[in-house]
Amino acid sequence: MITLHALKFSRATRVLWLLEDLGQPCQRIDYDRTDEFRAPEALSKIHPLGKSPVIEDDGEMIAESSTILRYLVAKHGDHGHRPDRGTADYWRHEALFDYVESSFAPVAI
Ligand SMILES: N[C@@H](CCC(=O)N[C@@H](CS)C(=O)NCC(=O)O)C(=O)O
């Protein structure tokens with residue numbers, strides 16, 4: 001079973017939503033925010049920069065919420081959350097998916 005290291009009020013929610021949609025259980029390890037709304041020291045033992053989300057699956061650690069979502073879709077052969085490869089819709093989806101982290105998140109936070 002996948003283990004999800006989930007900082008409260010974080011992008012770990014993206015992973016939880018997808019896991020729930022896929023009907024996949026996970027072992028969730030929650031981390032409270034500090035008074036400064038940062039990640040606690042404990043997350044530095046999981047991620048070199050102390051960030052969340054991180055998942056563990058079959059002994060592999062995977063960080064970056066977008067990568068985790070792509071991983072889960074591929075692992076479960078899911079076709080409900082992404083258009084089929086080779087279509088124009090697929091590339092529009094990929095562009096929006098990357099836009100969220102590369103262009104939107106830095107100005108939204
Ligand atoms: N690009 C990364 C961003 C990871 C990230 O910055 N996570 C935030 C929560 S959404 C975090 O761990 N912040 C705590 C901190 O920096 O102290 C991703 O998509 O996973």
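Two strands count as paired if DSSP finds at least two bridges between them, with strands (E, at least two residues) and helices (H or I, at least four) taken as DSSP runs numbered from the N terminus. On that basis, Ile55 has Ile62 of strand 4 as its bridge partner. What you're looking at is a predicted model, where local features need pLDDT of at least 70 and side-chain atom pairs count only at pLDDT 80 or more, while totals for chains, interfaces and linings use all residues. Residues are numbered from 1 along each chain as its sequence is written, and side-chain values use heavy atoms, leaving out hydrogens and water.

**The sheet**
- There are 4 strands here, forming an open, mixed sheet in the order 2-1-3-4.
- Strand 2 (26–31) and strand 4 (60–63) sit at the edges, each pairing on one side only.
- From one strand to the next, the twist averages 20 degrees.
- Strand 3 (residues 54–57) runs antiparallel to strand 4, and 4 bridges join them; Val54, for instance, stands opposite Ala63.
- These two strands make a hairpin with 2 residues between them, and Asp58 in the turn has a positive phi of about 50 degrees.
- Strand 1 is also antiparallel to strand 3, joined by 3 bridges, and Leu4 stands opposite Ile55 of strand 3.

**The helices**
- Helix 1 (residues 12–22) lies across strand 1 (2–7), strand 2 and strand 3, at about 145 degrees to strand 1 (axes are lines fitted to C-alpha atoms, for helices over the stretch in contact, with angles from 0 to 180 degrees between N-to-C directions).
- Helix 2 (residues 65–75) packs on the sheet too, touching strand 1, strand 3 and strand 4, where contact means heavy atoms within 4.5 Å.
- The direction of helix 2 makes about 125 degrees with that of strand 4.

**The ligand**
- Residues around the ligand (a heavy atom within 4 Å of it) include Leu7, Arg11, Arg33, Lys51, Glu64 and Glu101.
- Arg38 brings a side-chain N or O atom to 2.7 Å from a ligand oxygen, a polar contact by the cut-off of N or O pairs within 3.5 Å.
- Backbone N or O atoms join in: one from Ala39 is 2.8 Å from a ligand oxygen, and one from Ser52 is 2.8 Å from a ligand nitrogen.
- The ligand alone exposes 510 Å², and the protein buries 85% of that (Shrake-Rupley areas, 1.4 Å probe).

**The domains**
- The chain divides into domain 1 (2–78) and domain 2 (83–109), with bounds from an automatic or database assignment.
- Their centres, taken over C-alpha atoms, are 20 Å apart.
- Domain 1 gives 6 residues to the contact and domain 2 gives 7.

How values were computed. Polar contact = N/O pair within 3.5 Å; in protein donor to acceptor, adjacent residues only side chain to side chain.
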